[in-house]
Amino acid sequence: MTYEYYRQLIIEKLSGSFAASPSTASKEQVYKATCLVLRDILIAQKQRNNMEIEKKGLKRVYYLCMEFLVGRSLKNNLFNLGLTDDFDKALASIGIDLDELYDYEADPGLGNGGLGRLAACFMDSLATLGYPAMGFSIRYDYGLFRQKIVENMQVELPDLWLPSGEVWMLPRSDKNFKVLLGGYVETHMENGKLRFEQKGAEVVEAMPYDVMISGADGKGVSVLRLWKASAYRSFDMQKFSRGDYFTAMRADSEAELISKVLYPSDDHYEGKQLRLSQQYFLVSASLQSIIKDHIKWYGDLKLLPQKAAIHINDTHPALAIPELMRLLMDEHGFGWDDAWDITVNTIAYTNHTVLSEALEKWDIELVQSRLPRIYMIISEIDRRFTAQMNACGKGGILPSSAILWDRQVRMANLSVIGSHSINGVSELHSNIIKNNVFKDLYSVFPDRFTNVTNGIAHRRWLCQANPELAAFINELIGDGYKLDASELDKLEKFTSDKTALKRLGEIKLDNKKAFAQFIKKETGEEIDPYSRFDVQIKRLHEYKRQLMNVLKIISYYLELKDDPNKSFTPQTFIFGAKAAGGYAHAKRVIMLINCLAKETARDAAIRDKLRVLFVENYNVTLAERLIPASEVSEQISLAGKEASGTSNMKLMMNGAITLGTVDGANVEILERVGRENMFAFGLTASEAQRVWNEVDASALY
Ligand code: 26Q
């Protein structure tokens, strides 16, 4: 196809969707028309792929996750489809600069941090590798808050992503489902079988919106299905027609609350009713959708484990286990044992945290009142597990391993008991979950536990984010690494090639200049691109130890104050971090960093040598700008606490040197790159644990 072809498509979209022409359209309309053209191309590709998948009867991957931090899509899709140049020309021919259009797209904040970004990278990877994959999540009206720094402090503002993000979504009004919340369960016999019916429940309608996620070369396409909640119409209309207008409207807004906003806490569990409703809403709608499709394609639900892998990303969608049991038994007539076999063999679970405060435990009363049938099933799973353990003389493990304990439902134990595969996200973390967090359950199910070390979609984080470096790598080793990252090993033969190293230095400097220019444009602040960029970008958390980094910077500051002529490599310390709204300590660290940023900018004796910069509202788009410009990557979590980390990989891949503890995936990075490319320091995880065991923790407070 030529660029004229795409130009024509854009013009047609402008006319068909906005009654506009290139001369009358606003830039925003051109942005939307361009996205819609790409969306159509991806849908057509997906339909072609579907025929192939059905013909071959391929097994499908379903990834359930409360968050998907996809980042902007326009640039990504153009890049993956290899259409950047054509669209650049097509748009230029109607007087529009493609680079300008990118900024019309808000960064959809449908995730908190690492876990949500990992889910998005998987969608890219699955599409690229040709796996038929569908991600399921919630179409939050508001994503993670927009962070503003006011008087050095974080203020949270609503994130309005839909006006520009909605263009990517295809509403599937023919594929909606009902989700029941609350009420009570009525039991009766029917044809000699016990039947369960949930009565008096709120009926919430789940309406799917599909987003196509392209893989490399645009051949594979993953679908991200986002559910929006509203009150079930006919239910509402009954009340409405009885003249009870306000009750009908209230039901509507209560139901809509479910997909209103993403919970902004990360690695910290809060037992909120709305969060539980969100989790069940996601799980129930997604499983009904999976089952309906499976029956359409294969007829027989016994084949589910063969034809579908359902993955739960952390325990947030763990209600998938009892919900699948409910659907198999109550709606499709299976007995307990067959339903259990199908469930366990279909579901797999990834754990992302060892922090005890992050392990989800719901009060039994809450689960019982919101999800009465689900609670019955969870109790039965627990009863059977308990009986089994007692029968084989392992009753001693129940205090750590039972699902129901202390009037609470322990979601991590439910996830292990109800899945055939359980993985951590780095080798160290997977060992910790086997030997500590799930020690007793591991002794019961040793074969279920595995490791899957995290990765990143290097197409986004290297090829797109750092085009100059990618072009240079292409020159050196060809572009095979785009599909197979292990080909980057071929760069080894250039480690002492002076010309290549010089060029790498120039590219880094160009990226630093571009970042400094961006900061100047956005904030008016000037940072020196010739200073060393030392970067810590991640959620603000005590275990990630931003405070330790700040204390080091303060010590440098004091040294320079004492001796302004001290020989000192000029450094710019750059932080990006959001803190959960209720996490007071984390918010005070943000304040400290911002005070320090002001102080280093103000002090003429210091600022040429030492600067601190806090970038406001750190998100995927900012990461894409900053990572290529980074030189030191701060990965300094307390050993044993960071499950994997993924910014460590993104920064390393863009040529930053890691300063890190022996934690999470740092361990494996260290093995691969060697000590000359990573400065590892501090206690190991087991040494840190020993210190904890020795200290009376209560004496610390
Ligand atoms: C739970 C209950 C209620 C509200 C919110 C939550 C919640 C939400 C998000 C709990 C945890 C999260 C996110 C956790 C997370 O991002 N973990 C990170 O996962 C990455 C991908 O595996 C790892 O690289 C990081 O080490 C890990 O911290």
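This is a short tour of aromatic contacts and internal cavities in a predicted model.

**Stop one: aromatic pairs**

The structure holds 17 aromatic pairs. Start by selecting Trp297 and Tyr298: their ring centres are 6.5 Å apart and their planes stand at 70 degrees, so this pair is edge-to-face. Turn on the surface around them and you will find Trp297 partly exposed, with a relative accessible area of 24%. Tyr298 is partly exposed too, at 22%.

Next, select Phe515 and Phe533. Here is another edge-to-face aromatic pair, with 6.5 Å from centre to centre and 70 degrees between the planes. What does this pair link? It joins distant parts of the chain, since Phe515 belongs to helix H22 (residues 498-523) and Phe533 to strand E18 (residues 532-537), 18 residues apart. Hide the surface for this one: both Phe515 and Phe533 are buried.

**Stop two: a cluster of rings**

Now pick Tyr62, Phe136, Phe177 and Trp227 together, and you have one aromatic cluster on screen.

**Stop three: charges over rings**

Show Arg503 and Phe472 as sticks. The charged end of Arg503 sits over the Phe472 ring, 6.0 Å from the ring centre. Then move to Lys578 and Phe145, where the charged end of Lys578 sits over the ring of Phe145, at 5.4 Å from its centre.

**Stop four: the largest cavity**

Time to look at empty space: there are five cavities of 30 Å³ or more in the structure. The largest cavity holds about 260 Å³. To find it, select Val70, Gly71, Ser73, Val211 and Ile213, which are the closest to its centre among the 23 residues that line it.

Colour the secondary structure next. Helix H3 (74-81), helix H6 (114-128), strand E9 (202-214) and strand E10 (221-231) each bring at least two residues to the lining of the largest cavity. Which element gives the most to this lining? That is E9, with four residues. Colour the lining of the largest cavity by residue class and you should get twelve nonpolar, six polar and five charged residues.

**Last stop: the second largest cavity**

Finish at the second largest cavity, with about 60 Å³ of space. Select its lining: Lys538, Lys544, Gln635, Ile636, Ser637, Glu642, Ser644, Gly645, Asn648, Asp663, Gly664 and Asn666. How do the residues of this lining divide into nonpolar, polar and charged? With the class colours still on, you will see one nonpolar, seven polar and four charged residues around the second largest cavity.

Conventions:
Residues are numbered from 1 along each chain as its sequence is written. This is a predicted model: local features need pLDDT of at least 70, side-chain atom pairs count only at pLDDT 80 or more; totals for chains, interfaces and linings use all residues. Side-chain values use heavy atoms; hydrogens and water are left out. Rings of Phe, Tyr and Trp (its six-membered ring) pair if their centres lie within 6.5 Å; planes under 30 degrees apart count as stacked, over 60 as edge-to-face and the rest as tilted. Buried means under 20% relative accessible area, exposed over 50%, partly exposed in between (1.4 Å probe, protein chains only). A charge sits over a ring if NZ of Lys or CZ of Arg is within 6 Å of the ring centre and within 35 degrees of the ring normal. On a 1 Å grid over the protein atoms alone, a cavity is a set of points where a 1.4 Å probe fits but cannot get out, and a pocket is an open set with protein on both sides within 12 Å along at least five of seven lines; lining residues have an atom within 4 Å of a point. Grid points are joined across faces, edges and corners, and a volume is the space filled by probe spheres set on the points. Ala, Val, Leu, Ile, Met, Phe, Trp, Tyr, Cys and Pro count as nonpolar, Asp, Glu, Lys and Arg as charged, and the others, Gly among them, as polar.
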